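I'm opening a fresh page for this one. My plan is to look things up bit by bit and jot down what I find.

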Amino acid sequence: KEEGGIRLVGGQTQLEGRVEVFHNGTWGPVCVIQDSNTWYYMTDYDYYNTQVVCRELGHSVIYRPPFTDPSYGLSSQPAWLGHILCKGNEASLRQCTNYVLQQSHCPHGQLVARCRDLMTGINFGSNLPLQHWTGLRFAGVGQTTSTIRYVRIERAGIANTGRTPAVQVVGGHIRFFKLNVTGSAWTGVEVTNSRTVELS
């Protein structure tokens with residue numbers, strides 16, 4: 001419990017969770033910096049902040065997570081960092097702009113981070129090298145109908161930029177026969193600008 005130390009809490013492993021800073025004998029959260037142009041994913045500064053958090057803990061950042069995630073719980077303690085601005089290349093939060101440990105209010109939520117272990121390559125929340133993968137994307141053109149048969153997609157829905165549909169269909173004519181999607185981190189099938197999509 002070093003002054004200014006950081007930790008991740010509320011996650012399944014030490015690689016994910018709500019970011020907290022130790023100050024004056026108490027662990028407190030870090031605020032997100034959400035602006036009006038951001039809906040679901042965190043701002044660039046918040047993403048850079050998580051990069052530095054993961055690096056300070058000896059990990060690397062896995063992808064841009066939602067700006068806040070209630071599944072990690074909410075701290076009832078005062079927030080100690082209210083408007084910190086990292087560039088993403090700092091070795092610790094102490095080197096970032098506006099690093100001032102003082103009681104703050106978090107109107108937009110509390111910062112979360114999801115990291116990858118640099119030594120093993122293990123991702124957050126997993127005992128395996130890969131917990132989720134991106135999924136499949138079909139981009140069709142012309143009038144030809146493509147048929148996809150007997151496909152089972154498990155634990156998809158995670159991309160470098162965040163959560164994504166397990167199956168994306170963009171344009172064209174696609175027919176799926178016996179498509180099975182399980183354990184997706186996001187939605188199952190998303191269709192955009194497609195003339196025909198059949199599921200059976």
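**Entry 1: Ser 104**

Does Ser 104 count as buried, partly exposed or exposed? I looked it up: its relative accessibility is 22%, so Ser 104 counts as partly exposed. The cut-off matters here, because buried means under 20%. A note to myself before going on: this is a predicted model.

Next I checked where Ser 104 sits, and found it in the loop between strand 4 (59-61) and strand 5 (112-117). Then I asked which residues it touches, leaving aside neighbours within four places in sequence. My list reads Cys 31, Ala 79, Trp 80, Leu 81 and Gly 82. For Leu 81 I also took down the spacing: Ser 104 is 23 residues from it in sequence, and the two C-alpha atoms are 6.5 Å apart.

**Entry 2: His 83**

I stayed with the loop between strand 4 and strand 5, where His 83 is found too. His 83 has 43% relative accessibility, so I put it down as partly exposed. What does His 83 touch, if I don't count residues up to four places away in sequence? I got Ile 33, Thr 97 and Asn 98. I also noted Val 32: it is 51 residues from His 83 in sequence, yet C-alpha to C-alpha the two are 7.5 Å apart.

**Entry 3: the disulfides**

How many disulfides does the structure hold? I count 3.

I began with Cys 31, already on my list of contacts of Ser 104. A disulfide joins Cys 31 to Cys 106, with 2.0 Å from S to S. The torsion about their S-S bond is about -80 degrees, so I wrote "left-handed" next to it. This pair links distant parts of the chain, 75 residues apart: Cys 31 is in the loop between strand 3 (26-29) and helix 1, while Cys 106 is in the loop between strand 4 and strand 5. Cys 31 and Cys 106 are both buried.

Cys 54 and Cys 115 came next, with their sulfur atoms 2.0 Å apart in a disulfide. Here the S-S torsion is about -80 degrees, so this disulfide is left-handed. Cys 54 sits in helix 1 and Cys 115 in strand 5, so I have another link between distant parts of the chain, 61 residues apart. I found both Cys 54 and Cys 115 buried.

That left Cys 86 and Cys 96, joined at 2.0 Å from S to S. Is their disulfide left-handed or right-handed? Its torsion is about 100 degrees, so it is right-handed. Cys 86 and Cys 96 each lie in the loop between strand 4 and strand 5, so the pair ties together parts 10 residues apart in sequence. Both of these cysteines are buried.

With the bonded cysteines numbered in sequence order, I could write the pairing as 1-5, 2-6, 3-4.

**Entry 4: helix 1**

Having met Cys 54 in helix 1, I went back to look at the helix itself. Helix 1 covers residues 44-56, which makes 13 residues. From first C-alpha to last it reaches 18 Å, close to the 18 Å expected at 1.5 Å a residue. Which residues of helix 1 are buried? I have Asp 46, Tyr 47, Asn 49, Thr 50, Val 52, Val 53 and Cys 54. I also spotted Gly 58 just after helix 1, with a positive phi of about 90 degrees.

**Entry 5: aromatic rings**

My search of the whole structure for aromatic pairs turned up 4. I wrote up two of them.

The rings of Phe 22 and Trp 27 have centres 5.0 Å apart and planes at 55 degrees, so I call that pair tilted. Phe 22 and Trp 27 are both buried.

How are the rings of Phe 138 and Phe 176 arranged? Their centres are 5.6 Å apart and their planes stand at 70 degrees, so they are edge-to-face. Phe 138 is in strand 6 (residues 136-139) and Phe 176 in strand 11 (residues 173-182), so the pair ties together parts 38 residues apart in sequence. Again I found both residues, Phe 138 and Phe 176, buried.

Last item on the page: Arg 149 lies over the face of Phe 177, and I noted 5.7 Å from the ring centre.

Terms used: Residues are numbered from 1 along each chain as its sequence is written. This is a predicted model: local features need pLDDT of at least 70, side-chain atom pairs count only at pLDDT 80 or more; totals for chains, interfaces and linings use all residues. Side-chain values use heavy atoms; hydrogens and water are left out. Helices (H or I, at least four residues) and strands (E, at least two) are DSSP runs, numbered from the N terminus. The expected span of a helix is 1.5 Å times one less than its number of residues. Buried means under 20% relative accessible area, exposed over 50%, partly exposed in between (1.4 Å probe, protein chains only). Contact means heavy atoms within 4.5 Å. Rings of Phe, Tyr and Trp (its six-membered ring) pair if their centres lie within 6.5 Å; planes under 30 degrees apart count as stacked, over 60 as edge-to-face and the rest as tilted. A charge sits over a ring if NZ of Lys or CZ of Arg is within 6 Å of the ring centre and within 35 degrees of the ring normal. A disulfide is a pair of cysteine sulfur atoms within 2.5 Å.
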